[in-house]
Amino acid sequence: MSEHKQLIAAALAARATSIAPFSKFQVGASLLAADGTIISGANVESASYGLSCCAERVALFKALTEGHRQFHAIAVASPGGAAPCGACRQLLAEYAAQAVVLLVDSDAPDSINNTTVATLLPLAFTSGDLPGHSAAG
Ligand code: THU
């Protein structure tokens, strides 16, 4: 199986770990790190709705705190194949700027919407815009 197919399968499987009792909208996200490792996450909701965290950020924070710093791709699986929200686009632009983004409709997983972080968030604000900070973070 190709790396991207494996990544898509991981994102689809990660949906099963979603904790979304309020929206019932289960999202899985999987990152492909430069060393080939796949790190997955799912959305986790709070009774205080605004504290809920998207699958993309759960996966990204897991990957970063496991030591990964370079990412080739992220697959996001949800009903309808939704694109990442603005907050997730910001974090992806900061930590996975070069990544390909594979949007997967969990109800029709064979048709993949293939885009990039740079396409989703052009002219991103990053650490390189802050005085005294390098673009590498
Ligand atoms: N959600 C994600 O996990 N990723 C997205 O790309 C869009 C939205 C989650 C947040 C919330 O738990 C639920 O989907 C409904 O907004």
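Reader: What pattern does the protein chain follow when read along the sequence?

Author: In this predicted model, the protein chain runs α-β-β-α-β-α-β-β-α along the sequence. The chain has 4 helices and 5 strands.

Reader: Why is the protein chain called as compact as a globular protein of that length?

Author: The radius of gyration is 14 Å, and the globule rule gives 14 Å for 137 residues; the two are close, so the chain is as compact as a globular protein of that length. Along its principal axes, the C-alpha trace spans about 45 × 40 × 25 Å.

Reader: What share of the 137 residues is buried?

Author: Buried residues make up 39% of the protein chain, where buried means under 20% relative accessible area. Of the contacts with a separation of 6 or more, 60% join residues 24 or more positions apart.

Reader: Why are H2 and H3 described as roughly parallel to each other?

Author: The axes of helix H2 (residues 55-65) and helix H3 (residues 86-95) cross at roughly 25°. Angles under 35 degrees count as roughly parallel, and H2 and H3 are therefore roughly parallel to each other. Their axes come within 9 Å, and the crossing of H2 and H3 is left-handed.

Reader: Which residues of H2 and H3 meet, and what makes up the contact in terms of nonpolar, polar and charged residues?

Author: From H2, Glu56, Arg57, Leu60, Phe61 and Leu64 meet Ala87, Cys88, Leu91, Leu92 and Tyr95 of H3. The residues of this contact divide into 8 nonpolar, no polar and 2 charged. Glu and Arg count as charged, whereas Leu, Phe, Ala, Cys and Tyr count as nonpolar.

How values were computed. Residues numbered from 1 in each chain as written. Predicted model: local features only at pLDDT ≥ 70, side-chain atom pairs only at ≥ 80, totals over all residues. Heavy atoms only, no water. Axes fitted to C-alpha atoms, helices over the stretch in contact; angles between N-to-C directions. Helix = DSSP H or I, 4+ residues; strand = E, 2+ residues; numbered from the N terminus. Parallel < 35°, antiparallel > 145°, perpendicular 65-115°, else oblique. Left-handed = near helix turned anticlockwise from the far one by under 90°. Contact = heavy atoms within 4.5 Å. Rg over C-alpha atoms; globule rule 2.2 N^0.38 Å. Buried < 20%, exposed > 50% of the residue type's maximum accessible area, 1.4 Å probe, protein only.
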